[in-house]
Amino acid sequence: MEKLTGKKALITGGGRGLGKATALALAAEGVDVAITGRNESVLQATVKEIQALGVKAFYAVFDVANAADTKAGIAKIKAEFGEADILINNAGIAGYGTFLEMDPVQWQEILNVNVMGIYNVTREVLPDMIAKNTGDIINISSTAGIKGNAGMSAYSASKFAVIGLTESLMSEVRKHNIRVTTLLPSTIATDMTLELKFTDGNPERVLQPEDFAELVVAQLKLNRRAFVKLSSLWSTNP
């Protein structure tokens with residue numbers, strides 16, 4: 001079993017929801033954590049909670065969908081926080097609307113954040129992992145990435161793409177001892193899903209962010225010779 005103490009993690013979309021829960025869970029294991037997002041006040045508050053667990057914490061404000069901003073933001077993190085041993089590509093957005101109803105601009109934005117965001121961030125972090133010949137990358141897809149639903153074409157398309165991107169990347173970099181994993185949660189009671197009313201009025205019966213964070217920590221602790229290629233997490237009785 002791997003010990004996580006002393007490692008450095010970078011979590012996109014780390015200010016709230018799944019990202020925040022994962023940041024706190026890793027901090028409890030002794031991992032220093034850098035988080036990114038677009039809301040500085042939210043990031044600042046989360047950094048204080050991370051630091052309260054006795055580890056180093058850092059944040060950078062940028063939009064993962066913007067390649068230039070991402071490059072500058074990751075450079076700042078490397079300079080002031082250090083290179084990441086663990087990258088968790090969690091930043092994502094969703095929207096509900098039929099194929100014809102959803103504005104094409106919103107459709108494109110969902111793909112830009114959910115797919116190109118992973119590409120932009122990973123492109124800046126991966127060379128350091130290859131140079132060190134070790135690392136962990138976890139990309140967050142969704143069960144919507146294995147089953148399309150009405151009114152969710154943009155979101156499902158983006159999450160299907162994440163699975164393919166991740167599997168291809170895994171095949172390329174496993175020779176460098178870099179473990180690349182896709183995690184597929186079903187509905188989790190986060191601010192985003194509550195706002196979009198995805199929990200059917202039963203937020204307490206579906207997965208919670210802390211449940212997801214437990215899965216992240218567990219798979220990171222596997223012996224280096226083993227990794228989880230793809231795993232889905234479901235509510236028992238929603």
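## Helix H1

Let's start with helix H1, which covers residues 17–28 in this predicted model. How far apart should its ends be? At 1.5 Å a residue, the twelve residues of H1 should span 16 Å. The C-alpha atoms at the two ends are 17 Å apart, so the expected span and the model agree.

Which residues of H1 are buried? Leu18, Gly19, Ala21, Thr22, Ala23, Leu26 and Ala27 are. To count as buried, a residue has to have under 20% relative accessible area. After the helix comes glycine 30, and its phi is positive, near 90°.

## The whole chain

Now zoom out. H1 belongs to a chain with seven helices and seven strands. Reading from the N terminus, the order goes β-α-β-α-β-α-β-α-β-α-β-α-α-β. The radius of gyration is 17 Å, close to the 18 Å that the globule rule gives for 238 residues, so the chain is as compact as a globular protein of that length. If you lay the C-alpha trace along its principal axes, it spans about 45 × 35 × 35 Å.

## Inside and contacts

Of the 238 residues in the chain, 49% are buried. What about contacts? Take those with a separation of 6 or more: 69% of them are between residues 24 or more positions apart.

## Surface and charge

The chain exposes about 11,200 Å², and carbon and sulfur atoms supply 53% of that area. As for charge, there are 24 positive and 25 negative side chains. The centres of these two sets lie 6 Å apart.

Note on methods: Residues are numbered from 1 along each chain as its sequence is written. This is a predicted model: local features need pLDDT of at least 70, side-chain atom pairs count only at pLDDT 80 or more; totals for chains, interfaces and linings use all residues. Side-chain values use heavy atoms; hydrogens and water are left out. Helices (H or I, at least four residues) and strands (E, at least two) are DSSP runs, numbered from the N terminus. The radius of gyration is taken over C-alpha atoms; the globule rule is 2.2 Å times the number of residues to the power 0.38. Buried means under 20% relative accessible area, exposed over 50%, partly exposed in between (1.4 Å probe, protein chains only). Contact means heavy atoms within 4.5 Å. Accessible areas come from the Shrake-Rupley method with a 1.4 Å probe; for residues, only the protein chains shown count as cover. Lys and Arg count as positive and Asp and Glu as negative; His and the chain ends are not counted. The place of a charge is taken as NZ of Lys, CZ of Arg, CG of Asp or CD of Glu. The expected span of a helix is 1.5 Å times one less than its number of residues.
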